[in-house]
Amino acid sequence: MTKTATKKVEDFATEAQKTIEQNVEKVAKGVEDAAAFGQENVEALVTSSKIAAKAIETVNAEMLAYSKKAYEDSLAAAKDMTACKSISELVEKQTAFGKSAIEGFVAQATKVNEILTAASKDAAEPVNARFNAAVGAFKGLGA
C-alpha cells in the first residue's frame with residue numbers, strides 16, 4: 001500500500017472511531033436521561049399517592065366525627081321528643097330536628113366535596129407535570 005492509501009485508511013479509521021465514540025456517548029446519555037425521567041415519574045406517582053391517601057384519611061376522620069355528632073344529636077332529639085306533651089309539640093320538634101339533620105348533612109357533604117376536589121387537584125399536579133415534561137421531551141425529539 002502506498003503512503004497516501006495508508007494515510008487515508010488511518011484517517012478513515014480515526015474518524016470512524018470518533019463517530020462510534022460520540023454515538024456511544026449519545027446512547028449512554030439517552031439511557032441515563034430515560035432512567036432519570038422514569039425515576040421522576042415514579043416519584044410523581046408516589047407524591048400523588050401520598051396526597052390521595054392523606055385526603056382519604058381526612059375524609060374518614062370527617063365522616064367519623066360527623067357520624068358521631070349525628071348519632072349524639074339523634075339521641076338528644078329522641079330524648080327531647082319523648083318529653084313532648086302534645087302531638088303538635090312532637091311534630092314541631094321532629095320538623096326542627098329533620099331540618100337540622102338535613103342542613104348538617106348538606107354542610108358535611110359540601111365539606112367532603114371540597115376536601116376531595118382540592119385533593120384531586122393537588123394529587124393530579126405532579127402527574128400533570130410529568131406529562132408536560134414527556135410532551136416537551138417528545139417535542140424535543142422532533143426538532
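The following exercises, each with a worked solution, concern a predicted model.

**Exercise 1. The salt bridge of R130**

Determine which residue forms a salt bridge with R130, and state where the two partners lie.

Solution.
1. The partner of R130 is E40, with the closest N and O atoms 3.1 Å apart. This separation satisfies the criterion, which requires a side-chain nitrogen of Lys or Arg within 4 Å of a carboxyl oxygen of Asp or Glu.
2. E40 belongs to helix α1 and R130 to helix α2, so the pair ties together parts that are 90 residues apart in sequence.
3. R130 has a relative accessibility of 15% and therefore counts as buried, the limit for that class being under 20%.
4. E40, at 37% relative accessibility, counts as partly exposed.
5. R130 also lies over the face of F37, at 4.3 Å from the ring centre. The distance limit for a charge over a ring is 6 Å, taken from NZ of Lys or CZ of Arg.

**Exercise 2. The surroundings of E62**

Establish whether E62 is buried or exposed, and identify which residues E62 touches beyond four places away in sequence.

Solution.
1. E62 is located in helix α1.
2. Its relative accessible area is 18%, so E62 is buried.
3. When residues up to four places away in sequence are not counted, E62 touches Q108, K111 and I115.
4. With K111, E62 also forms a salt bridge, at 3.2 Å from N to O.
5. Because K111 lies in helix α2 and E62 in helix α1, this pair ties together parts that are 49 residues apart in sequence.
6. K111 is partly exposed, with a relative accessible area of 39%.

**Exercise 3. A salt bridge within helix α2**

Characterise the salt bridge between K93 and E89, and find which residues are joined with them into one network.

Solution.
1. In the salt bridge of K93 with E89, the closest N and O atoms are 3.4 Å apart.
2. Both residues are in helix α2; being four residues apart, they are separated by about one helical turn.
3. K93 is partly exposed, with a relative accessible area of 22%. E89 likewise counts as partly exposed, at 25% relative accessibility.
4. Salt bridges with shared partners join D80, E89 and K93 into one network.
5. The count of salt bridges in the structure comes to seven.

**Exercise 4. A nonpolar surface patch**

Identify which residues make the nonpolar surface patch of about 310 Å², and place V106 in the fold.

Solution.
1. The patch is made by I102, F105 and V106.
2. V106 is found in helix α2, which spans residues 87-142.
3. The relative accessible area of V106 is 44%, so V106 is partly exposed. Membership of a patch requires over 30% relative accessible area, and 44% meets that condition.

**Exercise 5. A78, F97 and the aromatic rings**

State how far apart the C-alpha atoms of A78 and F97 are, and how many aromatic pairs the structure holds.

Solution.
1. A78 is found in helix α1, which covers residues 3-82.
2. At 39% relative accessibility, A78 counts as partly exposed.
3. A78 and F97 are 19 residues apart along the chain, and their C-alpha atoms are separated by 9.4 Å.
4. A pair of aromatic rings is described by the distance of the centres and the angle of the planes.
5. The number of aromatic pairs in the structure is zero. The cut-off applied to ring centres is 6.5 Å.

Conventions: Residues are numbered from 1 along each chain as its sequence is written. This is a predicted model: local features need pLDDT of at least 70, side-chain atom pairs count only at pLDDT 80 or more; totals for chains, interfaces and linings use all residues. Side-chain values use heavy atoms; hydrogens and water are left out. Rings of Phe, Tyr and Trp (its six-membered ring) pair if their centres lie within 6.5 Å; planes under 30 degrees apart count as stacked, over 60 as edge-to-face and the rest as tilted. A charge sits over a ring if NZ of Lys or CZ of Arg is within 6 Å of the ring centre and within 35 degrees of the ring normal. Patches are made of residues with over 30% relative accessible area and no salt bridge: like charges are joined within 9 Å, nonpolar side chains (Val, Leu, Ile, Met, Phe, Trp, Tyr) within 5 Å. Accessible areas come from the Shrake-Rupley method with a 1.4 Å probe; for residues, only the protein chains shown count as cover. Helices (H or I, at least four residues) and strands (E, at least two) are DSSP runs, numbered from the N terminus. Buried means under 20% relative accessible area, exposed over 50%, partly exposed in between (1.4 Å probe, protein chains only). Contact means heavy atoms within 4.5 Å.
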